[in-house]
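This report walks through one protein chain, starting with its main pocket and then turning to the sheet and selected residues.

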Amino acid sequence: MNIPNTGLPAPVLDRKVAMPALLPDPEAFLIVTSLAGVAKDVMAITREGEYTYSMGGAMGAGVPMGLGLACAQPDRRVLAVCGDGDLMMSLGILATVGAM
């Protein structure tokens, strides 16, 4: 795939490189994932730590589950890792997250 009107190749972001860079200390968070691809990447970084909850296929459930986890453990930082389609299935929850 090329960048339109340039002929230059589009940059590729490799999740296997990006995820560790974005999440250097995974134990600082309670992590929720909902789709299999993202779940595999997160589990590879966290080595399936007890602070990671992977639903591995529950599309649309990551952010709502993360909100529930944040309400249950308000003293902890929660990270919901999801894909674009996953997020689109639960966009309404972002209003609730923002209000809290």
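Helix α3 makes the top contribution to the lining of the largest pocket, with five residues. The model is predicted.

**The pocket**

The volume of this largest pocket is about 190 Å³. Its lining consists of V63, G66, L67, A70, C71, V78, L79, A80, L94, V97 and M100. Three elements each supply at least two of the lining residues: α3 (62–72), β3 and α5 (93–99). What is the class make-up of the lining of the largest pocket? There are 10 nonpolar residues, one polar residue and no charged residues.

**The chain as a whole**

The chain holds five helices and three strands. Along the sequence they follow the pattern α-β-α-β-α-β-α-α. The C-alpha trace spans about 50 × 30 × 25 Å along its principal axes. Of the chain's 100 residues, 32% count as buried.

**The sheet**

In what order do the three strands of the open sheet stand? The order is β2-β1-β3, and the pairing is parallel. β2 and β3 stand at the edges with a single partner strand each, so one side of each has no neighbour in the sheet. From one strand to the next, the twist averages 15 degrees.

Strand β1 covers residues 29–33. How many of the five residues of β1 are buried? Five of the five are, and the strand is mostly covered. The side chains split between two directions. F29, I31 and T33 point one way from β1. L30 and V32 point the other way. Residues of both sets are buried.

β1 pairs with β3 (residues 77–81) in the parallel sense, over five bridges. One of the contacts here links F29 to its bridge partner R77 in β3. On the β2 side, three bridges join β1 to residues 52–54, again with the strands running parallel. I31 has T52 as its bridge partner in β2. T33 has S54 as its partner in β2.

The link from β1 to β2 involves a helix. β1, helix α2 (residues 36–46) and β2 make a β-α-β unit, and this unit is right-handed.

**Selected residues**

Four residues show how position and accessibility go together in this model. The table lists their places and relative accessible areas.

| Residue | Place | Relative accessible area |
|---|---|---|
| N5 | segment before α1 | 84%, exposed |
| K16 | helix α1 (residues 15–22) | 67%, exposed |
| S34 | loop between β1 and α2 | 0%, buried |
| K40 | helix α2 | 61%, exposed |

Take S34 next. Is S34 buried or exposed? S34 is buried, because its relative accessible area is 0% and the cut-off for buried is under 20%. S34 sits in the loop between β1 and α2. Its C-alpha atom lies 5.6 Å from that of G57, although the two residues are 23 residues apart along the chain.

K40 belongs to helix α2, the helix of the right-handed unit with β1 and β2. At 61% relative accessible area, K40 is exposed, because the cut-off for exposed is over 50%. Which distance separates K40 and S54, C-alpha to C-alpha? They are 8.7 Å apart in space and 14 residues apart in sequence. S54 is also the β2 bridge partner of T33.

K16 lies in helix α1. With 67% relative accessibility, K16 counts as exposed. The C-alpha atoms of K16 and I45 are separated by 9.0 Å, and the two residues are 29 apart along the chain.

N5 lies in the segment before α1. N5 counts as exposed at 84% relative accessibility. The backbone of N5 deserves a look as well. Phi of N5 is near 65 degrees, a positive value in a residue other than glycine.

How values were computed:
Residues are numbered from 1 along each chain as its sequence is written. This is a predicted model: local features need pLDDT of at least 70, side-chain atom pairs count only at pLDDT 80 or more; totals for chains, interfaces and linings use all residues. Side-chain values use heavy atoms; hydrogens and water are left out. Buried means under 20% relative accessible area, exposed over 50%, partly exposed in between (1.4 Å probe, protein chains only). Helices (H or I, at least four residues) and strands (E, at least two) are DSSP runs, numbered from the N terminus. Two strands pair if DSSP finds at least two bridges between them. A crossover is right-handed if, with the strands pointing away from the viewer, the path from the first strand over the helix to the second runs clockwise. On a 1 Å grid over the protein atoms alone, a cavity is a set of points where a 1.4 Å probe fits but cannot get out, and a pocket is an open set with protein on both sides within 12 Å along at least five of seven lines; lining residues have an atom within 4 Å of a point. Grid points are joined across faces, edges and corners, and a volume is the space filled by probe spheres set on the points. Ala, Val, Leu, Ile, Met, Phe, Trp, Tyr, Cys and Pro count as nonpolar, Asp, Glu, Lys and Arg as charged, and the others, Gly among them, as polar. Axes are lines fitted to C-alpha atoms, for helices over the stretch in contact, and angles run from 0 to 180 degrees between N-to-C directions.
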